[in-house]
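Student: I would like to go through this model with you, one feature at a time. Can we keep the answers short?

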Amino acid sequence: MKSFETKPFAVISDPFTLGATMNGIKKLTYSEQVVEYIKQAILNGELSPGDPIKEVELAEKLGISRAPIREAIQVLAHDGLIDSKPQKAKTIVALTAKQIKDSYFTGGVLEAAAVTEALPLYTEEDFSTLEKILQKMGHLAEAGDPDSELTELDNAFHGILFSKIDNELLIDLCRRSCQGISKFLLYRHWVKLFQPKMIYARHKMILDALKAGNPAQLEKIIRQHYIESGEQMARFGVDVAEEV
């Protein structure tokens, strides 16, 4: 099992968590900083699925009490990143291939239904913004760039889709069902999942369906988008021995 490296306790930039800012500086509580610290450790590969989260060790290394550590663990457990059961060790969530497929399928069904329901609310300005994101994806695809900017563009694209959904519970369920998996637990695999040209093509299909205004086609395409991702990500389930 991996353990935390000794590092100074500091706010770590996390592109997937946006909070309130004051004078351009994001102010976080200790528990929020611990959340960011653990997420960054997952992204960096310092923590992997199945690795333990030891409250005492973490508190000592970060120079804080155990109370914010416990609060952070509760938040991450709610987000589906930490397995926290009473009287048992707290660990980074490790999912089987079936659990990964099921998570993506669920996320796809929810997002597809929600976006389809909100279809009349998308504006020409939304389409224009999505087109710009798609153009940037296309440029990166032509350049053969497989790295982080595509991740940010993917976040921005789906963020606009979610922006018209007036249902916080549904959004929360969508994010917990598959975003936590792809953006954190299996991030190092997710960024290599599809070639840049395929990423561009997959998102173009969604935008074309959105602009066409055909609810049935749009829902089908979004659901298939997630099903395909889930099938690919399932190769990295803890019960799959295949090396990729």
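**Salt bridges, helix packing and core**

Tutor: Start with a lysine: K85 has a relative accessible area of 40%, so K85 is partly exposed. Keep in mind that this is a predicted model.

Student: Which residue forms a salt bridge with K85?

Tutor: The closest N and O atoms of the pair are 2.7 Å apart. The partner is itself partly exposed, at 29% relative accessibility. The partner of K85 is D83.

Student: How many salt bridges does the count come to?

Tutor: Side chains of opposite charge can pair when their charged atoms come close. Here a pair counts when a side-chain nitrogen of Lys or Arg lies within 4 Å of a carboxyl oxygen of Asp or Glu. By this rule the count of salt bridges is 10.

Student: Which helix holds both D102 and K98?

Tutor: D102 and K98 form a salt bridge, with the closest N and O atoms 2.7 Å apart. They sit four residues apart, about one turn of the helix. D102 is partly exposed at 35% relative accessibility, and K98 is exposed at 56%. Both residues lie in helix 4 (residues 97-117).

Student: How many residues apart are E55 and R66, which link distant parts of the chain?

Tutor: E55 and R66 form a salt bridge, their closest N and O atoms being 3.2 Å apart. E55 lies in helix 2 (residues 55-62) and R66 in helix 3 (residues 66-78). Along the chain, the two are 11 residues apart.

Student: Is E55 buried or exposed?

Tutor: Buried means under 20% relative accessible area. E55 has 15% relative accessibility. Its partner R66, at 36%, counts as partly exposed. E55 therefore counts as buried.

Student: What is the pattern of helices and strands along the sequence?

Tutor: The chain has 10 helices and four strands. Read along the sequence, the pattern is β-β-α-α-α-β-β-α-α-α-α-α-α-α.

Student: What share of the contacts with a separation of 6 or more comes from residues 24 or more positions apart?

Tutor: The chain has 244 residues, and buried ones make up 45% of them. For contacts with a separation of 6 or more, the share from residues 24 or more positions apart is 74%.

Student: Are helix 9 and helix 10 roughly parallel or roughly antiparallel?

Tutor: Two packed helices are described by the angle between their axes and the distance between the axes. Helix 9 (residues 196-212) and helix 10 (residues 215-233) pack at about 165°, with axes 9 Å apart. Angles over 145 degrees count as roughly antiparallel. Helix 9 and helix 10 are therefore roughly antiparallel.

Student: Is the crossing of helix 9 and helix 10 left-handed or right-handed?

Tutor: On the helix 9 side, the contacts include M205, I206 and L210. On the helix 10 side, they include L218, I221 and I222. The crossing of these two helices is left-handed.

Student: How far apart are the axes of helix 5 and helix 9?

Tutor: Helix 5 (residues 124-143) packs on helix 9 at an angle of about 160°. That makes the two roughly antiparallel, and their crossing is left-handed. Contacts involve F127, L130 and L134 in helix 5, among others, and I199, L207 and L210 in helix 9, among others. The axes are 8 Å apart.

Student: Is the crossing of helix 4 and helix 10 left-handed or right-handed?

Tutor: Helix 4 and helix 10 pack at about 160°, with axes 8 Å apart. That makes them roughly antiparallel. Residues in the contact include Y104, F105 and V115 in helix 4, and L218, I222 and Y226 in helix 10. The crossing is right-handed.

Student: Which residues touch the most other members of the largest nonpolar core?

Tutor: In soluble globular proteins, nonpolar side chains tend to be buried together. The largest nonpolar core here has 67 residues. L210 touches V115, L119 and Y122, among others. The residues that touch the most other members are I38 and L210.

Student: How far apart in space are L119 and G213?

Tutor: L119 lies in the loop between helix 4 and helix 5, and it is buried at 13% relative accessible area. L119 touches L210, G213, N214, P215 and L218. L119 and G213 are 94 residues apart in sequence. In space, C-alpha to C-alpha, they are 7.0 Å apart.

Methods. Residues numbered from 1 in each chain as written. Predicted model: local features only at pLDDT ≥ 70, side-chain atom pairs only at ≥ 80, totals over all residues. Heavy atoms only, no water. Core = buried A, V, L, I, M, F, W, Y, C linked by side-chain atoms within 4.5 Å. Buried < 20%, exposed > 50% of the residue type's maximum accessible area, 1.4 Å probe, protein only. Contact = heavy atoms within 4.5 Å. Axes fitted to C-alpha atoms, helices over the stretch in contact; angles between N-to-C directions. Parallel < 35°, antiparallel > 145°, perpendicular 65-115°, else oblique. Left-handed = near helix turned anticlockwise from the far one by under 90°. Lists of a residue's contacts leave out its neighbours within four places in sequence.
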